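Trainee: I've got a model open and I keep tripping over the labels people put on it. Can we go through a few and check what each one rests on?

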Amino acid sequence: MKIKLTKQEIRWIVYDIGNSAFILMVSTILPIYFNSLSSAQGVPESSYLSYWSYATSISTLVVACLGPVLGTLADYQDRKKKIFLLSALCGALALACFWIPSTWFSFLVLFIVARICYSLSLIFYDSMLVDITTDERMDNVSSKGYAWGYIGSCLPFLISLVLVLLYEQIGISMGQAMMFAFILNAVWWIAFTMPLALHYKQKHYIEPKSHPVRDTFSRLWYTLKDAKQQKKVFLFLLAFFFFIDGVYTIIDMATAYGTSLGLDQTGLLLALLVTQIVAFPASLFFAVISKTQDTGKLIKICILAYFAIAVFAIQLDKQWEFWLLAVAVGCFQGGIQALSRSYFAKIIPNNTSGEYFGLFDICGKGASFLGTFLIGFITQLTGRQNLGVAAITIMFLIGYYIFHQVTKIKD
């Protein structure tokens, strides 16, 4: 039976199309741009990967600290949309300015700001799921959000790719090509933010207090204790911390890892475009089977698939192997993200979704601080990138074991 999407669900899905353009650029073109910028200023190849890892880690660590506080504040009446819009607009503005810094260090600072704003916007966006749909439709709507985000982000990426690879034939400089690419993706992000920002209605909320800042921290402390007492929520967050760490680390570091191995950069970019294309039907497939299959079982399958992907990546040193890796990631990337988001939304209180998704983000995008740091640190320590990747496989095993315990707990 087909499920017809409501206007509010469509507007929510559309934001995924907008913000996915940013993360696709961050995962593909941006590491290569930073590599050329840092190399021109004498930064060695081994240090380039470490610096990029550290910048990613810093941004996720900041979000892990700010996310729960702002998420709790957003649960007050009519606050969520305002904070969401501010985060998205600031992130898009920072993206539009990426071409301005002339040193690798100042570029990394701006990158950290943009990534923080992007990640914060997703906290409020994810928590809106309880307002725009029902429990029965969450798996389907969440999966379609990721699906359309993957395929929709391909258009600005392809235009950016043409500008970056064919700038001489077009008659512009490399700097101008990057400027146009950054601004294009920023405008794309803003354009697909507005439908949700203009029409979203916060149905579940907490009444404003006389001392909102003080009360926000009080409620956050209560939520932390409450989550610990709710065994299913607590164990899910712990499991999510480990298995999603590997997922986001692979997404964040794929291009940087391939570049550090000396693989052809054009081939890397095209391979990751294939990831987006494959992820579209794969995410829709998970949306369909989630209606008849247990969500917990599907998440377990995705975790095991990612474990196999990480093991394969340890020995990766050829272009065709990177292409195979890109296709495999595309098959499970949307599924594990979408199903984890909807699974969590079903087991938390609706009126405090911002608080709980703030914690969700600590254990999600905040968790990738550990993965990216491990890759950067081990690579710098040993000079071998594959040893850093090996550490990620352990995360999937721990995450699977804990999540298996979660599925045994009755609602």
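**Labels and what backs them**

Mentor: Sure, let's start with I151, which lies in helix α7. Keep in mind that this is a predicted model.

Trainee: Why is I151 called partly exposed?

Mentor: Its relative accessibility is 28%. Buried would need under 20% and exposed over 50%, so I151 at 28% falls in between and counts as partly exposed.

Trainee: Which residues does I151 touch, leaving aside its neighbours within four places in sequence?

Mentor: Q276, I277 and F280. I151 and F280 are 129 residues apart along the chain, yet their C-alpha atoms are separated by 5.7 Å.

Trainee: What does the whole chain look like?

Mentor: The protein chain has 19 helices and 0 strands. Of its 411 residues, 59% are buried. Take the contacts with a separation of 6 or more: 86% of them join residues 24 or more positions apart.

Trainee: Next one, Q333 in helix α16. What makes Q333 buried?

Mentor: Its relative accessible area is 7%. The cut-off for buried is under 20%, so Q333 qualifies. Beyond its neighbours within four places in sequence, Q333 is in contact with Y150, I251, T275, Q276 and Y306.

Trainee: And P31, how do you know that one is buried?

Mentor: P31 has 0% relative accessibility, and that is under 20%, so the label is buried. P31 lies in helix α2, residues 29-40. P31 and Y48 are 17 residues apart in sequence, and their C-alpha atoms are 9.1 Å apart in space.

Trainee: Since we're at α2, why is α1 called oblique to α2?

Mentor: The axes of α1 (residues 7-27) and α2 come within 3 Å and cross at roughly 45°. Roughly parallel needs an angle under 35 degrees, and roughly perpendicular runs from 65 to 115. An angle of roughly 45° fits neither, so α1 is oblique to α2.

Trainee: Which residues make that contact?

Mentor: M25, V26 and S27 from α1, with I29, L30 and P31 from α2. By class, the contact has 5 nonpolar residues, 1 polar and no charged ones.

Trainee: How do you know that the length of helix α8 agrees with what it should span?

Mentor: Helix α8, residues 154-165, has 12 residues, and at 1.5 Å a residue they should span 16 Å. The end C-alpha atoms are 16 Å apart, so the two values agree. Its buried residues are C154, P156, F157, S160, L161, L163 and V164, and they pack against α1, α2, α7, α9, α10 and α14.

Trainee: What about the span of α10?

Mentor: Helix α10 covers residues 174-191, and its 18 residues should span 26 Å. Its end C-alpha atoms are 26 Å apart, so that agrees too. Among the buried residues of α10 are F182, N185, W188 and W189.

Trainee: F182 is aromatic. Where does F182 turn up among the aromatics?

Mentor: F182 belongs to one aromatic cluster with Y33, F34, Y51, W52, F98, W104, F105, F107 and F111. The count of aromatic pairs comes to 30. One of them is F285 with F286, at 6.0 Å centre to centre and 70° between the planes.

Trainee: What makes that F285 and F286 pair edge-to-face?

Mentor: Ring centres must lie within 6.5 Å to pair, and planes over 60 degrees apart count as edge-to-face. The values of 6.0 Å and 70° meet both conditions, so the label holds. F286 also counts as buried, because its relative accessibility is 6%.

Notes. Residues are numbered from 1 along each chain as its sequence is written. This is a predicted model: local features need pLDDT of at least 70, side-chain atom pairs count only at pLDDT 80 or more; totals for chains, interfaces and linings use all residues. Side-chain values use heavy atoms; hydrogens and water are left out. Buried means under 20% relative accessible area, exposed over 50%, partly exposed in between (1.4 Å probe, protein chains only). Helices (H or I, at least four residues) and strands (E, at least two) are DSSP runs, numbered from the N terminus. Axes are lines fitted to C-alpha atoms, for helices over the stretch in contact, and angles run from 0 to 180 degrees between N-to-C directions. Angles under 35 degrees count as roughly parallel, over 145 as roughly antiparallel, 65 to 115 as roughly perpendicular and the rest as oblique. Contact means heavy atoms within 4.5 Å. Ala, Val, Leu, Ile, Met, Phe, Trp, Tyr, Cys and Pro count as nonpolar, Asp, Glu, Lys and Arg as charged, and the others, Gly among them, as polar. The expected span of a helix is 1.5 Å times one less than its number of residues.
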